[in-house]
Amino acid sequence: MPIADRASTPDAEQNPSATTERRTHTVVAGPPEAGSARETALIDGHSTDVADGHPTGTVGARRTGTGETHGTDLDDAASRPAPVTLRRRIVTRVVTALAALLVLVTFTLPNRPWQLEPGAFLRIPLEGLLLAALLLALPGRPRRVVAALAGGLLGLVAVVKVGDLGFYSSLGRPFDLVLDWSLLDEAFTFVAESIGRPGAIAIALGVGLVLLAVPVLTALSAVRLSGSLARHRTGSTRAIATLVLVWAVLAAFGARIVPAMPMADTNATILVQEHAAEVRDRLYDRQAFANEVGVDPFRDVPGDQLLTGLRGKNVVIAFVESYGRDAVTDAEFASIPRMLDESADRLATAGFATRSGFLTSPTIGGASWLAHATLLSGLWVDNNQRYRNLLATDRFTLGDAFRRASWRTVGVMPAVNQAWPEGAFYGYEQFYSGPDLGYQGPKFAFAPMPDQFAIHQFHERELTGQQDRPVMAELALVSSHSPWTKVPSLVDWDTIDDGEVFRRGIIGTPTAQARTGYRHSISYTLRTLISYVERYGDDDTVLVFVGDHQPAPVVTGENPSHDVPIHIVAKDPAVFERINDWGWQDGLTPDANAPVWPMHEFRDRFLTAFAPTRSRPQAHPR
């Protein structure tokens, strides 16, 4: 298009500064649509798009007095944005795309580790569509406020999802918003003892910064996307309407790429509902548990009516860390049941009988104290709120029963490295923590000492020499605790001394081979217990050993069973006559048909089986 002639006035010629007020208008051909055009104003030699108010960076052409044009060709200049403006546009679009990706990933992120597949993110979140529709309906400032609040809340949902991923990976359950904050200290301690305190601090700081940054970034992303929606209102409305229709069709047909994860997604809503229900249940559970604690049929039974079927026996109850059903049923761990079968045959040759079954533990992957409390108290203790409330009561534990019946009660916990007042609750007259045992050998991953050393120290201190009373002991064995990277070797009992001998035999397993390390560690602890019976067991020995929980899902896979094996070993046939009605199987390898009890039933069944009347007393609420 021709450029309009510039008017020359005497004022302009006499006053050059007046040229700064000049405006030259031109109509430049726009996009190729028929009949479209853009009006461009030439300001100080640069063109500005009047329609959107953004400079195009085109150098304008001036007509000389002869009517000829000089400078850059107008059509070429109008079609090439300046480099700075082009980069700005590219950065703007990239940032907007990243914001959209962050919001989409936050909506579709699974909260279970076994669902973390690429297909899990190819879903349409209904909540996202509804939020976009709401933002389109709001004016400027309210839209930005709602976007910021919704984005921040979405970031918090993402943090909860990350918490769920961690807890499902380690404990086989979701993060408890009410009770699990206290476990963060336990997690820090575990990491510090595994890789060192500086590394644990660095990891904790990194995780903390990431978790704080997520809600901020999602809020900023939501605000940015809300502005983009408003600037392209017509196209955004059509896109959202189309996606809602697609969502409805996918929901009607149940379409999915990843099993159990529909493409028509409502994951965020379900997650919020589940955790809200969990918070409500925790608030009501305190009173419910208090009522359970108050009902105890054995609380007032006199000592001479307790455990008469075990009079004169030394009873050892050993918890084997992470010893779960998978250890005796998973084909990859077939060497463990073979070893147990061979051990049962050797024990039978030495005059010992064995019986085995399963208990259902209240926990998976960790929190062993919940399993100990459940078995010894006869109450289902599946969370820290119940555990803390239990310790504040005078519940009659299995240790209390033995103590009332004139046994010397002992607790041995090599992983405890500080004062442990819980020992008084469990009825222990004597408690041995890790430092009390005097170990001088090497550390084995999480375990401060080998199980063989802890068992040997217990035997030397409590069962050697003259005894005025039989002993009942609880042993918390930890050599099979994750991360299973260093496992001790079984040594001759006579060479143990202060533990230096364990430096000679260490089985190392790469961290990536968790299942291999787990198999080695479980095999080590079980062989140690059986070797102890072979070496020191006699007619008055009764050994009960039980798993506290299944290992973490990194070993068991998704949705593992809560079952753990339990075994009893003794020489006296009268012990097994008392438990014939339990239905436990002969040997040390329970199969799929072995009976399964909830772990909290063990205390009452045990006290009933070895009571003089063989009947459970009547329970009266307090």
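User: How many helices and strands does the secondary structure of the protein chain come to?

Analyst: The chain has 20 helices and 21 strands, where helices (H or I, at least four residues) and strands (E, at least two) are DSSP runs numbered from the N terminus. This is a predicted model, in which local features need pLDDT of at least 70, side-chain atom pairs count only at pLDDT 80 or more, and totals for chains, interfaces and linings use all residues. Residues are numbered from 1 along each chain as its sequence is written, and side-chain values use heavy atoms, with hydrogens and water left out.

User: What share of the residues in the protein chain is buried?

Analyst: Buried residues account for 47% of the 622 residues, and buried means under 20% relative accessible area, with a 1.4 Å probe and protein chains only.

User: Okay, which residues have the most contacts inside the largest nonpolar core?

Analyst: They are Leu307, Leu310, Leu359, Phe402, Phe602 and Phe606, in a core of 55 residues. Helix 12 (residues 368–377) gives the most to this core, with 5 residues. A nonpolar core is a set of buried Ala, Val, Leu, Ile, Met, Phe, Trp, Tyr and Cys residues joined through side-chain atoms within 4.5 Å. In soluble globular proteins, nonpolar side chains tend to be buried together.

User: And what is Phe602 in contact with, leaving aside neighbours within four places in sequence?

Analyst: Phe602 is in contact with Leu359, Leu375, Leu398, Val544, Ile566, Trp582, Trp584 and Trp597, where contact means heavy atoms within 4.5 Å. Apart from the largest core lies another core, of 53 residues, among them Val316, Ala318, Ala514 and Leu526.

User: Switching to Leu477, is that residue buried or exposed?

Analyst: Leu477 is buried, because its relative accessible area is 3%. Leu477 has its place in strand 15 (residues 471–477), and, not counting residues up to four places away in sequence, its contacts include Ala318, Phe319, Val320 and Ile455. The C-alpha atoms of Leu477 and Val412 are separated by 8.6 Å, although these residues are 65 residues apart along the chain.

User: Which helix gives the most to the lining of the second largest pocket?

Analyst: Helix 4 does, with 5 residues. A pocket is an open set of points, on a 1 Å grid over the protein atoms alone, where a 1.4 Å probe fits, with protein on both sides within 12 Å along at least five of seven lines, and lining residues have an atom within 4 Å of a point.

User: How do the residues of that lining divide into nonpolar, polar and charged?

Analyst: The lining of the second largest pocket has 19 nonpolar, 4 polar and 1 charged; Ala, Val, Leu, Ile, Met, Phe, Trp, Tyr, Cys and Pro count as nonpolar, Asp, Glu, Lys and Arg as charged, and the others, Gly among them, as polar.

Note on methods: Buried < 20%, exposed > 50% of the residue type's maximum accessible area, 1.4 Å probe, protein only.
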